[in-house]
Amino acid sequence: QFFFIPGSQNKRQTFRKVIAFSPLAAGLNSFAHGITGIGANFTFTHIYGTGKNAAGTTQVPFPQGGANTSMLEIDPTNVHLTVPAAYAGFSALIVLEYLKN
């Protein structure tokens, strides 16, 4: 799949990577994403995920607001998922979609 960058006729290829976290700890969870070249010519288009308890009976979106606020961040080396104590022990799948030159 290809994206056109607004204001340009240049197409850029899209990439997707899925990162698995298991089990989650309350607070900050970090995992190396293994993506190289993150910098000025690199754009994330969508960062999202889901978590579920060990029984698979409760599933939640990440990031999430409200009483059980969670947060997702990406840096040049790691994916950082911060979750409340309510999700300790959950597993998670985080999806990174991005464009690069």
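**The three-stranded sheet**

I looked up the open sheet first and found 3 strands in the order S3-S7-S6, with antiparallel pairing; I keep in mind that this is a predicted model. Strand S3, residues 27-32, and strand S6, residues 71-74, stand at the edges with a single partner strand each, so one side of each is left without a neighbour in the sheet. I noted that neighbouring strands here are turned by 15° against each other on average, with direction ignored.

I then followed the pairing of S3 with strand S7, which covers residues 78-83, and found that the two run in the antiparallel sense over 6 bridges. Which residue of S7 stands opposite asparagine 29? I found leucine 81 in that place.

**The largest nonpolar core**

Leucine 81 came up again when I turned to the largest nonpolar core, which has 17 residues. Phe21, Leu24, Phe62, Val79, Leu81 and Ile94 are the members that touch the most others. I listed the elements that give two or more residues to this core as strand S2 (11-21), strand S5 (59-62), S7 and strand S8 (91-100). Of these, S8 gives the most, with 4 residues.

I took isoleucine 94 for a closer look and, leaving out residues up to four places away in sequence, recorded that isoleucine 94 touches Lys17, Val18, Ile19, Phe21, Tyr48, Gly49, Phe62, Leu72, Val79 and Leu81. Among these contacts I recognise Phe21, Phe62, Val79 and Leu81, which are also listed with Ile94 among the core residues that touch the most other members.

**The salt bridge**

Side chains of opposite charge can pair when their charged atoms come close, and I wanted to see where that applies here. How many salt bridges does the count come to? The count comes to 1 salt bridge, formed by glutamate 97 with arginine 16, whose closest N and O atoms are 2.7 Å apart. Because glutamate 97 lies in strand S8 and arginine 16 in strand S2, the pair ties together parts that are 81 residues apart in sequence.

Is each partner buried or exposed? Glutamate 97 has a relative accessible area of 15%, and because buried means under 20%, I entered glutamate 97 as buried. Arginine 16 has 58% relative accessibility and, since exposed means over 50%, I entered arginine 16 as exposed.

Last, I looked up the surroundings of glutamate 97 and, again leaving out residues up to four places away in sequence, found that glutamate 97 touches Phe15, Arg16, Thr43, Phe44, Thr45, His46 and Tyr48. The salt-bridge partner, Arg16, is one of these contacts, and Tyr48 is also one of the residues that isoleucine 94 touches.

How values were computed:
Residues numbered from 1 in each chain as written. Predicted model: local features only at pLDDT ≥ 70, side-chain atom pairs only at ≥ 80, totals over all residues. Heavy atoms only, no water. Pairing = 2+ DSSP bridges. Axes fitted to C-alpha atoms, helices over the stretch in contact; angles between N-to-C directions. Core = buried A, V, L, I, M, F, W, Y, C linked by side-chain atoms within 4.5 Å. Buried < 20%, exposed > 50% of the residue type's maximum accessible area, 1.4 Å probe, protein only. Contact = heavy atoms within 4.5 Å. Salt bridge = Lys/Arg side-chain N within 4 Å of Asp/Glu carboxyl O.
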